[in-house]
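Hi,

Here is the model I said I would pass on. Have a look at it first, and then read my notes below.

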4 protein chains.
Amino acid sequence: MTNKATFCSDMSVDLVRCLADDDIVIDSARVSTNTVGADTDVSRFIDFLVRDRHGSPFEHCVFTFALDVPIFVAREIMRHRIASYSEESGRYTASRLKFYLLESHRPLVQAGKPGDYKFTPGSQLQIDYASIVNASTCVEAAETYQAMLDDGIAREVARMVLPVSTYTRIHMTINARSLMNFLSLRHATKDSWYKTSPLYEIELVAKQMEQQFKEFMPHTHAAFIEHGRIAP
Amino acid sequence: MTNKATFCSDMSVDLVRCLADDDIVIDSARVSTNTVGADTDVSRFIDFLVRDRHGSPFEHCVFTFALDVPIFVAREIMRHRIASYSEESGRYTASRLKFYLLESHRPLVQAGKPGDYKFTPGSQLQIDYASIVNASTCVEAAETYQAMLDDGIAREVARMVLPVSTYTRIHMTINARSLMNFLSLRHATKDSWYKTSPLYEIELVAKQMEQQFKEFMPHTHAAFIEHGRIAP
Amino acid sequence: MTNKATFCSDMSVDLVRCLADDDIVIDSARVSTNTVGADTDVSRFIDFLVRDRHGSPFEHCVFTFALDVPIFVAREIMRHRIASYSEESGRYTASRLKFYLLESHRPLVQAGKPGDYKFTPGSQLQIDYASIVNASTCVEAAETYQAMLDDGIAREVARMVLPVSTYTRIHMTINARSLMNFLSLRHATKDSWYKTSPLYEIELVAKQMEQQFKEFMPHTHAAFIEHGRIAP
Amino acid sequence: MTNKATFCSDMSVDLVRCLADDDIVIDSARVSTNTVGADTDVSRFIDFLVRDRHGSPFEHCVFTFALDVPIFVAREIMRHRIASYSEESGRYTASRLKFYLLESHRPLVQAGKPGDYKFTPGSQLQIDYASIVNASTCVEAAETYQAMLDDGIAREVARMVLPVSTYTRIHMTINARSLMNFLSLRHATKDSWYKTSPLYEIELVAKQMEQQFKEFMPHTHAAFIEHGRIAP
């Protein structure tokens, strides 16, 4: 079998399944006041919960996402330690040899110092150069990896030559409270009370998760925005 | 309004909702080997996961239970810190004045020393005595509590007179891996490789949770039993 | 042996040991920039970390507190699930029969509704009434508890008559990041960006923890205050 | 500045600081029985705690390790989510361009199938081949990385060409209970009741941590071994 390098510039985030809606939040919060099932203005009640940082009721809602992202993005996601992960293993399966390709929108140049900097697009020359070395590194890594497998060397050894731009698949289960924490740090908008400077690629992931979050829990999402994108 | 003490000897455990079955475990585990959707012997695969302690795939299954249990039981449950809890609040709502009544099956006498003891039923005299003081304490506490509320004293102050046998409601969301950990410690059976001496009342809770667990995840439950009731 | 009820109105918080200072935070944060040991303005660097919510470096500092607090306070503390706890067991040891006595400063009357209320001191009559029933409930519970033990009934059964105002001892180990989260919710000051309405007694606990936190990590504490008492 | 690739075959694990000994375990466990300071046979008491899976007292002991390991090892370590991590950032600092070099002891060939396999050393040809491509991949990656930085491209973009064998530094703070869980899965010995097949390189890390653990908590370590290397 010969595996060839393939390229991709997207962060893939699919919803596998979820058990999440605003009513679950209300039902759970109503346990505290012994009024489960009572008539409630959902929007106002959830706004109150977020505003006053009553976070527990949001934990009863869970989302499972299927991610297909480069290793350097997966690493940042897992750093949060607030979700459950099942990940493609470099030991148990051969790499798909799918790699991240820099696309032209990706800002390349950092101006400023750690803690206070901005990103600018970069010149056309920089863009061309970065794309070419990025791609050629991956092609070579794929060939080397495949050659090692063909030589009978174990996957867990061969994978050492793969770059951190290699894609990996993850199933990630996270509750709505933890998800808001993740979004508060990894998606920077004008609504954020706190400054945050997420990596370009992880923000692509966060935006897609936020879309799903908004769809299934519209009132919770609205309150999250209203109160400065801080997780309750 | 006059609230009167009511009594109960049961631990109430209802399944509110769940997103849990053996197939979710398989699907999640298959992410590691890049074979999502592959044909698999469910039972054998899950047995392998439990045997070799691959615990992550079980975390993608969640259960939400509605508990109605005495405070002294709720305290032990929360000690585990591996679930999400929304609990009836003694600050936000008036106590339902529902209390735990010792029933005649409840062993009363401890023989042995800490770490190595057994429980025996107790004599009829002890049973009668314990039941009476247990009940009369609750009746008096209920009256005192109600009198304080009637006097305009805040719920959070009045509740200080309530005994730890007062019932409290909790919604508890827990994933299947954490649930197995809870069950391994709080339900002692002949299959347990580890000795554990759960409190009588928390074991009543654990048994009911295990029933639901078994119903929704029969293969996982079978593997849990097979491998000594240790959470993977 | 005869145990008698004793009373206390304090929340006892003693520092058992700690491994915590601002330099540990700096050292840990410097791992990220590969400049461990570099010369740094401690105050400015820590301010930056808190402002931009780089929370991980604070997790390397830990405090162990010995608490002696009523059960209703212990319950709220444990709800946070972000610390390690070893607690006096009602199963393994006889209760010390030490109870919480309402002192005259404790506000008794709640005005307003859930989510938007204030506490007022209460009239002298209310104060007297609440103190008396509070105390007499405890005296009776202590006698009943002791009588059950004398009758040979197990501690874990006898303790069911004890009120939630019974004191319990806990060793609690918590890192500085989690501690800030706890303090943000359980100690309300004019510096808080978020409104929070902690229980009077848990705030007494939080204030003492904050004193220790400030002493060992003065720069971190200053930054925590400066940035609205939100945990990074 | 020109950075050149350097190579290393070791996993570096240094103890930065710790607050951990068997007496802390005893003191914490004694809170449960209200006998803090009592005379105790340390060894027997700790053995009892591990045997009966009383895990909480071990959580009050913490270790901070400084790791210098390849990214593919760091990834596995962080998967555990039971520790605090501060890691060298590919965004905030330039890579040290230190890479893992396969040494001749590293088994190269996997015989068997997933879930039931063994590793064998590999032939001399395989060893030579693997070492050469491993090293040359790193040399090229280092040159490409450095060229991108020289061209003004941001570190977070340039690092995408680096292989997962690139070293990264981490400060990791973990309590003794979580450490035992880590060791139970990542260091396989004849004492293990459960089969586990750790990656060769992560086992090198685990062995060094276990050395430190044994030194500071000899009785706890002995009980851990005695009871099948399962974390209490």
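Let me start with a helix pair in chain C of this predicted model. Helix H1 (residues 22-32) of chain C packs against helix H2 (residues 42-51) of chain C, with an angle of about 65° and 10 Å between their axes. That makes H1(C) roughly perpendicular to H2(C), because angles of 65 to 115 degrees are put in that class. As for handedness, H1(C) and H2(C) cross in a left-handed way.

Who makes the contact? On the H1(C) side you will find Asp22(C), Asp23(C), Val25(C), Ile26(C), Ala29(C) and Arg30(C), and H2(C) brings Val42(C), Phe45(C), Ile46(C) and Leu49(C). Sorted by character, the residues of this contact of H1(C) with H2(C) come to 7 nonpolar and 3 charged, with no polar ones.

Next, the sheet in chain D. It is an open one, built from 4 strands in the order S2-S3-S8-S4, with antiparallel pairing. Strand S2 (12-19) and strand S4 (84-87) of chain D are at the edges; each has a single partner strand, so one side of each has no neighbour in the sheet. From one strand to the next, the twist averages 20°.

If you zoom in on the S4 edge, S4(D) and strand S8 (residues 167-175) of chain D run antiparallel and are joined by 4 bridges. To find your way there, look for Ser86(D), whose bridge partner in S8(D) is His171(D).

There is also a helix over this sheet: helix H7 (residues 200-216) of chain D lies across S2, strand S3 (62-70) and S8 of chain D. Relative to S3(D), H7(D) runs at about 160°.

Finally, how the chains relate to each other. A turn of 180° with a shift of 0.0 Å along the axis lays chain A on chain D, at an RMSD of 0.0 Å. That is the relation of a two-fold axis. Within chain A, Pro163(A) has the C-alpha nearest the axis, at 1.9 Å from it. Of the interface residues of chain A, 100% are also interface residues in chain D, so these copies meet through the same surface.

Chain D goes onto chain B in a similar style: a rotation of 180°, 0.0 Å of shift along its axis, RMSD 0.0 Å. Here the C-alpha of chain D nearest the axis belongs to Ile230(D), 4.9 Å from it. Once more the copies meet through the same surface, since 100% of the interface residues of chain D are also interface residues in chain B.

Cheers

Technical notes: Residues numbered from 1 in each chain as written. Chains lettered and ligands numbered in written order. Predicted model: local features only at pLDDT ≥ 70, side-chain atom pairs only at ≥ 80, totals over all residues. Heavy atoms only, no water. Least-squares fit on C-alpha atoms with pLDDT ≥ 70 in both. Contact = heavy atoms within 4.5 Å. Axes fitted to C-alpha atoms, helices over the stretch in contact; angles between N-to-C directions. Helix = DSSP H or I, 4+ residues; strand = E, 2+ residues; numbered from the N terminus. Parallel < 35°, antiparallel > 145°, perpendicular 65-115°, else oblique. Left-handed = near helix turned anticlockwise from the far one by under 90°. Nonpolar A, V, L, I, M, F, W, Y, C, P; charged D, E, K, R; others polar. Pairing = 2+ DSSP bridges.
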